[in-house]
Amino acid sequence: MTSQLAGGKTPAKATLMIGALGVVFGDIGTSPIYTIQTIFNPGDPHPVEVANENVFGIISLIFWAVTIIVTIKYVLLVLRADNHGEGGILAMITLVGRGGSSGRRVTVILAGLGIFGASLFFGDSMITPAISVLSSVEGLKVIEPGLADWVVPITAAIIVLLFSVQRYGTERIGRLFGPVMIVWFSAIGIAGISGIVRHPAILEALSPTYAIGYLTGHFGTAFFALAAVVLAITGAEALYADLGHFGRKPITRAWLFMVFPACILSYLGQGALVIEDPNGYTSPFFLLVPEWARIPMVVLATAATVIASQAVITGAFSVASQAVQLGYLPRLRIKHTSSEAAGQIYVPWVNWALMISVLTLVFAFETSAALAFAFGMAVTGTIVINSLLLFYIARHNWKSPLWLVILGAAVFLSVELLFLGANLTKLVHGAWLPLLIAVTVFTVLTTWQRGRQLVTAKREEKEGPLRDFVNAVHEHPLTRVDGTAVFLNRGSRTVPLALRQNVEHNHVLHKNVVILSIETLTVPHAPEGDRIVIDDLGFTDDGIIHVTARFGYVENANVPAVLHQAMEQSSELSATIDQDTSYFLSALELKLGDNPGLPRWRKHLFLATTAITADAAEYFGLPRDRVVIVGSQITV
């Protein structure tokens, strides 16, 4: 033990585990606040009667849903489907493309499903903070019914504060939130034990016979109840999306040794309470604690639900960053908030867009019960899509036996499709909301990808072949001026528009010309040995080279640092990166036209989306006082 402490390994593992408690498990760890209450809510269009048989069946369904979907599927299987340490449904899309031995059509369909799953996750990221914080603040009504009018304003204030601190980064937030969540899981576990002690027979609900018997014997009631039972597994996808922030082992240990036992004890205790007091369904979570402890529990629950929101917010940052790197969103400003963990990022535009969306939901729905069905739809849709991708990866990437893949798919999908079907019955009662959000986000993502392809094709046509341009420079020499010019370009096949226009209008070239292409790999980190590739473009004495700089999709593309490395490797350039270096950017002005490829309304959407594109000089770390922007126009 002494050697471990000296090497710093044990404290590092403990820190990551505590951080994971503070960021990853907030969502699923606060589900006990509202799940049982929602299931027995008499305002439900398909209400569940408070009766012993129903309570035992519901608690058993919750236990086995959490065990099968979260513990077995996500923690033991899905967390292994990482893309070099990064998780989330877009990481899965990359893995699907890498194992695409079933043909392009299957890969494209699965990728489309994955993008829709990522879109559903953005809906989850909007709904989770709203329902979580609302549910905890609603505890005030248990203490004093007259405080009901203050629930929404207090919720809104908490949400504004939560999104305002995101800029400080996941690492700092995790250190602050981790100890709070340790207290939270200890408190809900102890409260659950107190309920179990009063009615120990509830432990029988852990037997799968109660869940199976309830589904088969009372299918009409049980099926509709699944729409609320699914609330117990909310946060499973956020757990996977946050994989890059903390790693598989800390997440797995935190779940198995603290989160899972505490949540199950809470559900069992609440079940015991409802059996003992049928009126306890109104707020079983808060009624489970002694009256003297309810105010502290409301405060603790509010803190925990703020942390619950953190899980999906950080997950949304990860998904947005990957969407940018994979070409589904325009370049966004991304701030890395940790010098040690590359996956810990802050995306300002996503942060503020989420905050506005969450506040809108709070003021529109006003109660956690009103949001419950919307929440379940977002969760089940994402989980089903995750399973489809997982079993493809298991077969084609992991080379698992076909019989095992079919058996696993049958078990997981039979459970998850029941949940999905139950939530579809709530479509007119709020389940439409995440579908609307998902369709909107999916349309934006796919429109940007298609529009970007069309613009790139038009741009390449306008730029012309790079090799032909260099040959023409040699055939018709130009005046060369002192200094180094760096032209950022999308690849090595065509001429940067800024370079072509500079030559055509000014008829001069710098003594040293670097055409730089930033290549984003489908792995989080590029190997240092493969970071730089230099091409002399056919001539070794003209001072013109092409440099390809490779970065992983979680890395910042720091251009000056890359150029220093390229200068050290190239013998052709007689310069270094200094005050005589100028950076040329090609700025495209996109105009609406009648070109084929996209319907007119999607062209309007594509052009509108360009407005959120981050400043290129800032994104690539360029010194702004040495940046020259050359404009050009393309019609789409």
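**Figure 1. Helices α12 and α20 cross in this predicted model.** Let's start where helix α12 (residues 219-229) packs against helix α20 (residues 402-424). The two axes lie 8 Å apart and make an angle of about 90 degrees, so α12 and α20 count as roughly perpendicular to each other. From α12, the residues that take part are Phe 219, Phe 223, Leu 226, Ala 227 and Val 229. They meet Leu 418, Phe 419, Gly 421, Ala 422 and Asn 423 of α20. Sorted by class, this contact has 8 nonpolar and 2 polar residues, with no charged ones.

**Figure 2. Helices α21 and α25 make another crossing.** Here you can follow helix α21 (residues 432-463) to its packing with helix α25 (residues 600-609). Their axes are 9 Å apart, at an angle of about 90 degrees, and the pair is therefore roughly perpendicular. On the α21 side, look for Thr 443, Val 444, Thr 446, Thr 447, Trp 448, Gly 451, Arg 452 and Val 455. The α25 side offers Trp 601, Arg 602, Leu 605, Phe 606 and Thr 609. By class, the contact of α21 with α25 has 6 nonpolar, 5 polar and 2 charged residues.

**Figure 3. Helix α6 is mostly covered.** Of the 10 residues in α6 (residues 89-98), 8 are buried. To find them, trace Ile 89, Leu 90, Ala 91, Met 92, Ile 93, Thr 94, Leu 95 and Val 96.

**Figure 4. Six strands build an open, mixed sheet.** Reading across the sheet, the order is β5-β6-β4-β3-β7-β8. At its edges stand β5 and β8 (627-635), each with a single partner strand, so one side of each has no neighbour in the sheet. From one strand to the next, the twist averages 25 degrees. At the β8 edge, strand β7 (residues 581-591) runs parallel to β8, and 9 bridges join them. A handy landmark in this pairing is Glu 589, whose bridge partner in β8 is Gln 633.

**Figure 5. Strand β6 pairs with β4 and with β5.** Strand β6 (residues 544-551) is largely enclosed by the rest of the structure, because 7 of its 8 residues are buried. It runs parallel to β4, with 8 bridges joining the two. In this pairing, Ile 515 stands opposite His 546 of β6. Strand β5 (residues 532-535) pairs with β6 in the antiparallel sense, over 4 bridges. There, Ile 534 stands opposite Val 547 of β6.

**Figure 6. Ser 517 sits buried in strand β4.** This close-up centres on one serine of β4 (residues 508-520). Is Ser 517 buried or exposed? Ser 517 is buried because its relative accessible area is 4%, and the cut-off for buried is under 20%. Leaving aside residues up to four places away in sequence, Ser 517 touches Asn 489, Arg 490, Gly 491 and Ser 492, along with His 546, Val 547, Thr 548 and Ala 549.

**Figure 7. Stepping back, the protein is divided into two domains.** Domain 1 covers 13-86 + 128-378, and domain 2 covers 460-635. Taken over C-alpha atoms, the centres of domain 1 and domain 2 are separated by 46 Å.

Notes:
Residues numbered from 1 in each chain as written. Predicted model: local features only at pLDDT ≥ 70, side-chain atom pairs only at ≥ 80, totals over all residues. Heavy atoms only, no water. Domains from an automatic or database assignment. Buried < 20%, exposed > 50% of the residue type's maximum accessible area, 1.4 Å probe, protein only. Contact = heavy atoms within 4.5 Å. Pairing = 2+ DSSP bridges. Axes fitted to C-alpha atoms, helices over the stretch in contact; angles between N-to-C directions. Parallel < 35°, antiparallel > 145°, perpendicular 65-115°, else oblique. Nonpolar A, V, L, I, M, F, W, Y, C, P; charged D, E, K, R; others polar.
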